[in-house]
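Student: Could you help me learn how to read a protein structure? I would like to start with one feature and build up from there.

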Amino acid sequence: MTKLVFLDIDGVLDTYKSRYQLDPELMAHLGTLLEKTGASIVISSSWRAQDVPGTVEFMTDSDNPSVGGHPFPFTDKIVGVTPILFSVIDGDIDRPATRGEEIAAYLKVHSCDNYVILDDCDEMLRDQWPHLVLVNDEVGLTEADVEKAVGILKQTQDK
């Protein structure tokens, strides 16, 4: 079964408390989720590059101030990045697409059995709400968030 975690970084794996650098404790919570579910990661964060190798390089670069000496430890689990999209009206770029629109575009091309979205913003499409774990950006990913995410990923698995 293919299970995906659409992962935002800012507010999920870094917070004001960690000076907006990757927080080892929050990354450990993500590790628990990955271990319990066997899910793979799709980066939906503004941290993403156009492709997986560029994203991995950014997330593990020790000179990157956002990494803060704690490179992302689950690079082997990253299987994709959401596309960077814009809405076009009458041939003109109107606005950046929402995170939900970018996730929908990814899912249109890549199949999966179930997914969860870990994000601190709620700009998701209506049918994505049951898959969203809305993380409090002041504290980042918690054990309770992980348990909710595990429950979401197991729902389809148990059907």
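Tutor: Happy to! Let's begin with a definition: a residue is buried when its relative accessible area is under 20%, and exposed when it is over 50%. Keep in mind that this is a predicted model.

Student: Which residues of helix 2 are exposed?

Tutor: Pro-53 and Glu-57 are exposed. On the other side of helix 2 (residues 52-60), the buried residues are Thr-55, Val-56 and Met-59.

Student: Why do the buried residues line one face of the helix?

Tutor: Here is the general idea: an α-helix has 3.6 residues a turn, so residues three or four places apart point the same way. In helix 2, seen down the axis, the buried residues fall within an arc of 100 degrees, so they line one face.

Student: What do the buried residues of helix 2 pack against?

Tutor: They pack against strand 2 (40-43) and strand 3 (78-81). Look also at the N-terminal end of helix 2, which Asp-51 caps: one of its side-chain oxygens lies 2.8 Å from the backbone nitrogen of Gly-54.

Student: Is Ser-44 buried or exposed?

Tutor: Ser-44 counts as buried because its relative accessibility is 0%. You will find Ser-44 in the loop between strand 2 and helix 2. Leaving aside neighbours within four places in sequence, its contacts include Phe-6, Thr-82 and Arg-99.

Student: What is the order of the strands in the open sheet?

Tutor: The five strands have the order 3-2-1-6-7, with parallel pairing. Strand 3 and strand 7 (132-134) are the edge strands, each pairing on one side only.

Technical notes
Residues numbered from 1 in each chain as written. Predicted model: local features only at pLDDT ≥ 70, side-chain atom pairs only at ≥ 80, totals over all residues. Heavy atoms only, no water. Buried < 20%, exposed > 50% of the residue type's maximum accessible area, 1.4 Å probe, protein only. Helix = DSSP H or I, 4+ residues; strand = E, 2+ residues; numbered from the N terminus. Arc of directions from axis to C-beta. Contact = heavy atoms within 4.5 Å. Polar contact = N/O pair within 3.5 Å; in protein donor to acceptor, adjacent residues only side chain to side chain. Pairing = 2+ DSSP bridges.
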